[in-house]
Each structure stands twice: as C-alpha cells, then as structure tokens.
Amino acid sequence: MTKLTVGSSPHHHNQRDTGQVMRWVMYACIPGILMQTWYFGFGTLIQVSLGIVTAVITEAIIVEVRKKDTERVVKDSSAALAGLLLGISVPSLAPWWVIVIGSFFTIAIVKQAYGGLGFNMFNPAMAGYVMLLISFPVQMTAWLPPTSLAEQSFGFIDALLTVFTGFTVDGYSIEQLKIGYDGLSMATPLDHVKTSLTEGYTVGEAYASSIMSQWWGVGWAPVALAYLAGGLALLKLKIINWHIPGSMIAGAMLTALVLHLADTSQHASPLFHLLNGSLIIGAFFIATDPVSAATTNRGRLIFGASIGVWIIIIRTWGSYPDAVAFAVILMNMAVPLIDYYTRPRTYGHKLKTPTISESKPQKEER
C-alpha cells in the first residue's frame, strides 16, 4: 500500500512545487526592483543581494545543524524570497550590518525557531523589518531623495562603498547624500506629510514640497506601479489569488476615503496612500504569504481588509508613517481565530436534531 504523506502548508492546487512558486514571486519583483534602483540608486541591488545571501546561508547552517535535508530546504527558495523582500524594504544605503542582522533574525528566529517553512506564525520578512525599525530607527529611516532631486549623484562604486564604509569615493556621508537640490534633507512622502501635519500645515500645503508632485511622491509612484505590474502577473499566472490583495487595497482605500471626506485638510487622499509607501508591495508580495495568511477565501477577505484598515489607522495616528509591516503582523496573530470562524462545514456534518414539537406532525384542520 502506498504511504500517504501529509505535508505542512503552503499547499497549491497546481503542478508547481514550493520552490517554483517562491521563484515566480521573486521574478515578479524584478520590475519594481529595477524601478527602485533607477530612482534611488544601486544600493537597492546591494541590499537585496546581501539579504538573499545572508538568508540562504543562515538557513543552510541551521538546517545542517538540525540534520535535515539541506539541499531540499535551500532549493525551496523561501529563504531567498524572505531576504529579497527585506532587502527592498530597507533604505538603499543602509549600513551592511543592518540587512545582515535583519536577514539572520528573519530566518533564524522568525522562521527556523518555529520549525521551518510551514510552521512560522509571522511573516518572516515583516517581522525582521519591524525588529530593525525598532532597534535601528536612524539607519532604517535614512531614505535618499530620488535621483532627479538629489544634490549629489553617485554610482555603483559609491553605493557599494557607502553601504560598507559609510562614505562615497568623494567622501560624502549618507546624511550629505540625503540632501536634495533645494538644500533640505529629504524624507519619504508619507513621513513628509505626517511631519507637516504635526507642525500645523494642511495636506495641501504639504503637497507643495519638492518631493511631491501634486498628491503623489516623485519617484515613489512609478516604483509602486512597477510592483503592481509584477503583482498582476502573479494573479494572471495563478500564483496568488485576488482575495487578499483585492480586499487589502479596498480596505485601505475605503478607510482613507472616509477620513479624507471627513476632513480633506488633515487626511490625505486614497490615491496618495496607494501610490506612496509599500501598500502595493504588501498587498501582492507580503500579505499573500501562504503560511502566515488565512487559509479560506472568506478568511482571506477578512484578513486582507483588516490589514488595509490597520494600515490607514496606524499611518494616521501611529508613530510610524508606513504601517504595512505592523498591520501584517497584527493580523498574523489573528489568523487562527479567522480560520476557526471561517472554516468550511465538514462534509457529513450532522444537522441540528429537530425537537419533539418540531418533528410531531400537525393535525389537519377539519
């Protein structure tokens, strides 16, 4: 008799194995990574490379120590994908040790400490990102201005030296590279608008900054749209389904719309929230993680919509402008409860037994 082996999630009802699925997700990130590199420099490629290498080596060492099939585990590409997602989430010129520590934590603590792929409760890349953001806030918020607004230009060698030494060939530091052509230190559009509101400005006045072009950030919107193209490709190839990204974007947009209509001077428009920050990346590449997300279609709709609502709430009243990682982790904790209440009825489920009064035939009226 053939032995039936039941494996842990993720499960996919097609001919692709886990490794193929993970690699397809990585391929879909390429348009966004290229656009991110175009606007924010070669540091993005360096961070992604460091993240992937560190994640794969960490997983290989741990699996070898645990006397598991190292080749099979490494070939599933889940560690490489986690390193890639963390790499695109950190500032392009963050010190090399930031991404190394983050990738090690992502694999060793968030993934392997729980038993490996299929057993982790939290999304590994987002848990690693939150750890870095809380532990190293200065390095994790050192975003550069888009190349079109930067006062100092730099190439690949400059980016490489800055990541590993803190200075370019000409001796410019990260702080100097953050200065825009107007002599002001740059920030992300989300951070800029949030800071402007706390200083008493309106949203409209915040849009007047050089980093903004009407309601979308220079450089940030094209990057978001490039990742959107990759996400739609994943939907087309049926690597992911529409429930989580669709409900997550809808939840965020509806929440932002309600707040915007309530007070247009204090709350940015839904399109501003969509095209700035990592909402699109989170919707298609992060929240759709089959291990840490809800498993039923109804549960995925609840899971995605709740993440979208939390993103706008945290962006509006929280301390961190881009709240995707925090929102995803919050809802990761709620997944067992969501799955419990949205699980389908078991085949052969016994219906409620009728009471005597319900089953007793009624007398016919004469």
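The exercises below, each with a worked solution, concern a predicted model of a protein.

**Exercise 1. The protein as a whole**

Describe the secondary structure, the share of buried residues, the contacts and the accessible surface of the protein.

*Solution.* Begin with the secondary structure, which consists of 19 helices and two strands. Next, consider burial: of the 366 residues in the protein, 51% are buried. Then turn to the contacts with a separation of 6 or more, 75% of which join residues that are 24 or more positions apart. Finally, the accessible surface amounts to about 18700 Å², and carbon and sulfur atoms hold 63% of that area.

**Exercise 2. The second largest pocket**

State how much space lies in the second largest pocket, and work out which residues and helices line it.

*Solution.* As a starting point, rolling a probe the size of a water molecule over the atoms shows where empty space is left. In this model, the second largest pocket holds about 660 Å³ of space. Its lining has 34 residues, and those closest to the centre of the pocket are Tyr 129, Trp 143, Thr 188, Trp 220 and Asp 322. Sorted by character, the lining comprises 22 nonpolar, eight polar and four charged residues. The helices that each give at least two residues to this lining are H2 (30–40), H5 (78–89), H7 (124–135), H8 (137–140), H11 (189–198), H13 (220–236) and H18 (324–342).

**Exercise 3. Two of the lining helices, H5 and H2**

Compare the span of H5 with the expected value, and then identify the buried residues of H5 and of H2.

*Solution.* Helix H5 has twelve residues, and the distance from its first C-alpha to its last is 17 Å, which is close to the 16 Å expected at 1.5 Å a residue. As for its cover, twelve of the twelve residues of H5 are buried, and they include Ser 78, Gly 83, Gly 87 and Ser 89, along with leucines such as Leu 81 and Leu 84. In H2, the buried residues are Gly 32, Ile 33, Gln 36, Thr 37, Tyr 39 and Phe 40, and the elements that cover them include H3 (43–65), H5 and H13. After H2 comes Gly 41, which has a positive phi near 95°.

**Exercise 4. Positive phi outside glycine**

Determine where Ser 77 and Lys 238 are found, and decide whether each is buried or exposed.

*Solution.* The background is that most residues other than glycine have a negative phi. Ser 77, which is not a glycine, has a positive phi of about 65°, and this residue is found in the loop between H4 (70–75) and H5. Because its relative accessible area is 10%, under the 20% cut-off, Ser 77 is buried. Lys 238, likewise not a glycine, has a positive phi of about 60° and is found in the loop between H13 and H14 (243–262). Because its relative accessibility is 65%, over the 50% cut-off, Lys 238 counts as exposed.

**Exercise 5. Far in sequence, and the distance in space**

Find how far Leu 225 lies from Met 35 and Gly 155 from Gly 43, in sequence and in space.

*Solution.* Leu 225, a residue of H13, is separated from Met 35 by 190 residues in sequence, while their C-alpha atoms are 9.3 Å apart. Leu 225 counts as partly exposed because its relative accessibility is 45%, which falls between the 20% and 50% cut-offs. Gly 155, in the loop between H8 and H9 (156–165), is 112 residues from Gly 43 in sequence and 9.2 Å from it in space, C-alpha to C-alpha. With a relative accessible area of 26%, Gly 155 is partly exposed.

Key
Residues numbered from 1 in each chain as written. Predicted model: local features only at pLDDT ≥ 70, side-chain atom pairs only at ≥ 80, totals over all residues. Heavy atoms only, no water. 1 Å grid on protein atoms, 1.4 Å probe; cavity = no way out; pocket = protein on both sides within 12 Å on 5 of 7 lines; lining within 4 Å. Points joined across faces, edges and corners; volume = space filled by probe spheres on them. Helix = DSSP H or I, 4+ residues; strand = E, 2+ residues; numbered from the N terminus. Nonpolar A, V, L, I, M, F, W, Y, C, P; charged D, E, K, R; others polar. Expected span 1.5 Å × (residues − 1). Buried < 20%, exposed > 50% of the residue type's maximum accessible area, 1.4 Å probe, protein only. Contact = heavy atoms within 4.5 Å. Areas by Shrake-Rupley, 256 points an atom, 1.4 Å probe, with all protein chains shown as cover.
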